[in-house]
Amino acid sequence: TIGFVMSLHGIGKAGDNVTTNSTLSNKSPMRTTRQFTIRIENASSSYVKEQAIPFTYSAASGVFTGDIILTDIVSGTYAIKLKTEGYLEKILTEGVPAGGGGFFEIALVAGDINGDNKLDALDYNEIVGCYNLPTSTDTCKLTDLNDDGLNNGIDYNLFLREIVGNK
């Protein structure tokens, strides 16, 4: 088993790409359970394991946590890819003991609204198009970057900060 501690920019203890200061982050997100896809690739870039795992937010710690069970993994170095809706995929290259073990702390960058693993004009257009609209629609749910239930200037500014710091 490998445990993951996920900080999502704009939520909880996470800052953003410009600062790790979390004073502007939403400490009470609307969605306290998120599906994360974890893909594990071997040295020849073949998928060894892929699993969607629910992660749960803890208001006390300000992070999302979840585990993946790796009973069928042999010892080695793997690319571990982590993704959740609205965030850029993070890739770790790590040594993993047989059967797993340990945990990783990871921060994900907000703003990948269309799921193409880029922050670009397409994401920007979605955010601007949903400005001041309800987050209850599928179209505008992901544009609420800090998950406070509102599509507003906080989300717009977070997106701009993520682009500036995403080099």
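Arg-31, Arg-34, Glu-85, Gly-86, Tyr-87, Leu-142, Asp-144 and Leu-145 line the largest cavity of this predicted model. That cavity has a volume of about 40 Å³. The largest pocket holds about 190 Å³ of space. The largest nonpolar core has 34 residues, and β1 gives the largest share of this core.

**Cavity**
- The search of the whole structure finds 1 cavity of 30 Å³ or more.
- Its lining divides into 4 charged, 3 nonpolar and 1 polar residues.
- Arg-34, one of the lining residues, stands opposite Phe-55 in β3.

**Pocket**
- The largest pocket encloses about 190 Å³. Its lining counts 13 residues, and Asp-16, Leu-24, Ser-25, Leu-158 and Arg-161 are the closest to its centre.
- By class, the pocket lining has 8 polar, 3 nonpolar and 2 charged residues.

**Nonpolar core**
- In general, nonpolar side chains of soluble globular proteins tend to be buried together.
- Within the 34-residue core, Phe-4, Met-6, Ile-38 and Ile-80 touch the most other members. Two or more residues each come from β1 (2–8), β2 (33–41), β3 (47–58), β4, β5, β7 (90–96), β8 (103–108) and α3 (153–165).
- β1 supplies 4 residues, the largest share.
- Beyond its neighbours within four places in sequence, Met-6 is in contact with Phe-36, Phe-55, Val-63, Phe-64, Leu-82, Ile-106 and Leu-108.

**Strand pairing and hairpins**
- β2 and β3 run antiparallel and are joined by 9 bridges.
- The hairpin of β2 and β3 has 5 residues between the strands. Ser-45 in this hairpin takes a positive phi near 65°.
- β3 also pairs with β4, again in the antiparallel sense, over 3 bridges. Ser-58 has Val-63 in β4 as its bridge partner.
- The β3–β4 hairpin has 4 residues between its strands. In its turn, Gly-62 has a positive phi of about 75°.
- Phe-55 and Val-63 also appear among the contacts of Met-6.

**A buried loop residue**
- Ile-73 lies in the loop between β4 (63–68) and β5 (76–83).
- Is Ile-73 buried or exposed? Ile-73 counts as buried, because its relative accessibility is 4% and the cut-off for buried is under 20%.
- Asn-42 is 31 residues from Ile-73 along the chain, and their C-alpha atoms are separated by 9.9 Å.

How values were computed. Residues numbered from 1 in each chain as written. Predicted model: local features only at pLDDT ≥ 70, side-chain atom pairs only at ≥ 80, totals over all residues. Heavy atoms only, no water. 1 Å grid on protein atoms, 1.4 Å probe; cavity = no way out; pocket = protein on both sides within 12 Å on 5 of 7 lines; lining within 4 Å. Points joined across faces, edges and corners; volume = space filled by probe spheres on them. Nonpolar A, V, L, I, M, F, W, Y, C, P; charged D, E, K, R; others polar. Buried < 20%, exposed > 50% of the residue type's maximum accessible area, 1.4 Å probe, protein only. Core = buried A, V, L, I, M, F, W, Y, C linked by side-chain atoms within 4.5 Å. Contact = heavy atoms within 4.5 Å. Pairing = 2+ DSSP bridges.
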